[in-house]
Amino acid sequence: MIRAEGLRFRYDDQQDVWAVNGVTNAVKKGEFVAVLGANGCGKSTLAKHFNAILLPEAGTVTVEGIPTTDESRLYDIRQKVGMVFQNPDNQIVATVVEEDVAFALENLGVPPEEIRRRIDESMRMAGIWKHRDKGPHKLSGGQKQRVAIAGVIAMRPDCLVLDEATAMLDPVGREKVMSTIRHLNRDAGITVVAITHYMEEAAQADRVLVMSEGRIVLEGTPREVFAQADRLRELHLDVPQAVELRDALAAAGVPMPEGIIDEGECAKALYALLK
Ligand SMILES: Nc1ncnc2c1ncn2[C@@H]1O[C@H](COP(=O)(O)OP(=O)(O)OP(=O)(O)O)[C@@H](O)[C@H]1O
Ligand SMILES: [Mg+2]
């Protein structure tokens, strides 16, 4: 879906300070990839290369084989890779939910019947159908973020890139947005790249990339990555709470199995021991 080869980027070309400093990686079609890393390590800069908001200073980024530097294909790239950002209020433009979801399509001159069909479909997929007649300002943060997701989905992208899309939400909103993202990935086959500071969210991905100082320094399934708790702490990152609890119990002599990464698995292992 997306391939970066030797990608390097700096914001100031007078200085030898690289926000992304040699990234080679590929996101496969249908995959759910989480990107972790401490503040300022280059996650957002990398994500902005995935739909040509930023262009490489060195190396290449291709979207379904199209180099992001190919200006004549910019529309195709932006249609294939949709971005969702942190603050829902900055992404909402209309005064009624369904008008907001339709906004980009209207600007592209999509015929009205087609707009109707697509916004109905995307509002259902994002779980905001029942709010379609409301004013976005009356919705919770999580609901607003799902309106933003619906607006992006209405473009029928192949890939959704979310840059800390749950960071400003309460736990309920966060879970609703995450379940929407999982649904879009599993049931609609949309490729997902999710930047997050929440380890519990990364635990749900197929693959986790960990960045530090503009590079990918750790990569694998959530199980593989979260097994390296000491390395993660060195990178100023946590492990999911379930991993922390499992490790603490194991250190105290409780025979907890290895490889636990989520609450369900942790609860099951504890239940088996208590029984
Ligand atoms: N618009 C900009 N102009 C100049 N420098 C920038 C700009 N945006 C980011 N940087 C710098 O580039 C580096 C990488 O920033 P980036 O925003 O990609 O990191 P991040 O991993 O997304 O961080 P965070 O977790 O805080 O969102 C940082 O040193 C940052 O200060
Ligand atoms: Mg960022």
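## Exercises on a sheet and two pockets

Strand β6 is joined to strand β7 (residues 159-163) by 4 bridges, and the two run parallel. The model is predicted.

**Exercise 1. Place β6 in its sheet and find the edge strands.**

Step 1. Write down the strand order. The open sheet has 6 strands, in the order β6-β7-β8-β3-β9-β10. The pairing is mixed.

Step 2. Look for strands with a single partner. These are β6 and β10 (215-220), so each has one side without a neighbour in the sheet.

Step 3. Add the twist. Neighbouring strands are turned by 20° against each other on average, direction ignored.

Step 4. Check a pair at each edge. In the β6-β7 pair, Val-84 stands opposite Leu-162. At the other edge, β9 (residues 207-212) and β10 pair in the antiparallel sense over 5 bridges. There, Met-211 stands opposite Ile-216.

**Exercise 2. Decide whether the faces of β6 are covered or open.**

Step 1. Recall the general pattern. Side chains in a regular strand alternate between the two faces of the sheet.

Step 2. Sort the residues of β6. Val-81 and Met-83 are on one side, Gly-82 and Val-84 on the other.

Step 3. Apply the cut-off: buried means under 20% relative accessible area. All four named residues, Val-81, Gly-82, Met-83 and Val-84, are buried, and both faces of β6 are covered.

Step 4. Find helices that lie on the sheet. α5 lies across β6 and β7, at about 165° to β6. α6 lies across β3 (32-37), β7 and β8 (191-195), at about 140° to β3.

**Exercise 3. Describe the lining of the largest pocket.**

Step 1. Take the volume, about 570 Å³. Of its 24 lining residues, Met-83, Ala-104, Gly-151, Val-152 and Met-155 are the closest to the centre.

Step 2. Assign elements. α2 (74-80), β6 (81-84), α3 (97-107) and α5 (141-153) each supply at least two lining residues. α3 gives the most, with 5 residues.

Step 3. Count by class. The lining has 15 nonpolar, 7 polar and 2 charged residues.

**Exercise 4. Do the second largest pocket in the same way.**

Step 1. The volume is about 320 Å³. Of the 16 lining residues, Glu-175, Glu-200, Glu-201, Gln-204 and Glu-263 lie nearest the centre.

Step 2. Two or more lining residues come from each of α6 (171-188), α7 (199-202), α10 (241-251) and α11 (263-274). α6 gives the most, with 4 residues.

Step 3. This lining has 7 nonpolar, 3 polar and 6 charged residues.

Terms used:
Residues are numbered from 1 along each chain as its sequence is written. Chains are lettered from A and ligands numbered from 1 in the order in which they are written. This is a predicted model: local features need pLDDT of at least 70, side-chain atom pairs count only at pLDDT 80 or more; totals for chains, interfaces and linings use all residues. Side-chain values use heavy atoms; hydrogens and water are left out. On a 1 Å grid over the protein atoms alone, a cavity is a set of points where a 1.4 Å probe fits but cannot get out, and a pocket is an open set with protein on both sides within 12 Å along at least five of seven lines; lining residues have an atom within 4 Å of a point. Grid points are joined across faces, edges and corners, and a volume is the space filled by probe spheres set on the points. Ala, Val, Leu, Ile, Met, Phe, Trp, Tyr, Cys and Pro count as nonpolar, Asp, Glu, Lys and Arg as charged, and the others, Gly among them, as polar. Buried means under 20% relative accessible area, exposed over 50%, partly exposed in between (1.4 Å probe, protein chains only). Two strands pair if DSSP finds at least two bridges between them. Axes are lines fitted to C-alpha atoms, for helices over the stretch in contact, and angles run from 0 to 180 degrees between N-to-C directions. Contact means heavy atoms within 4.5 Å.
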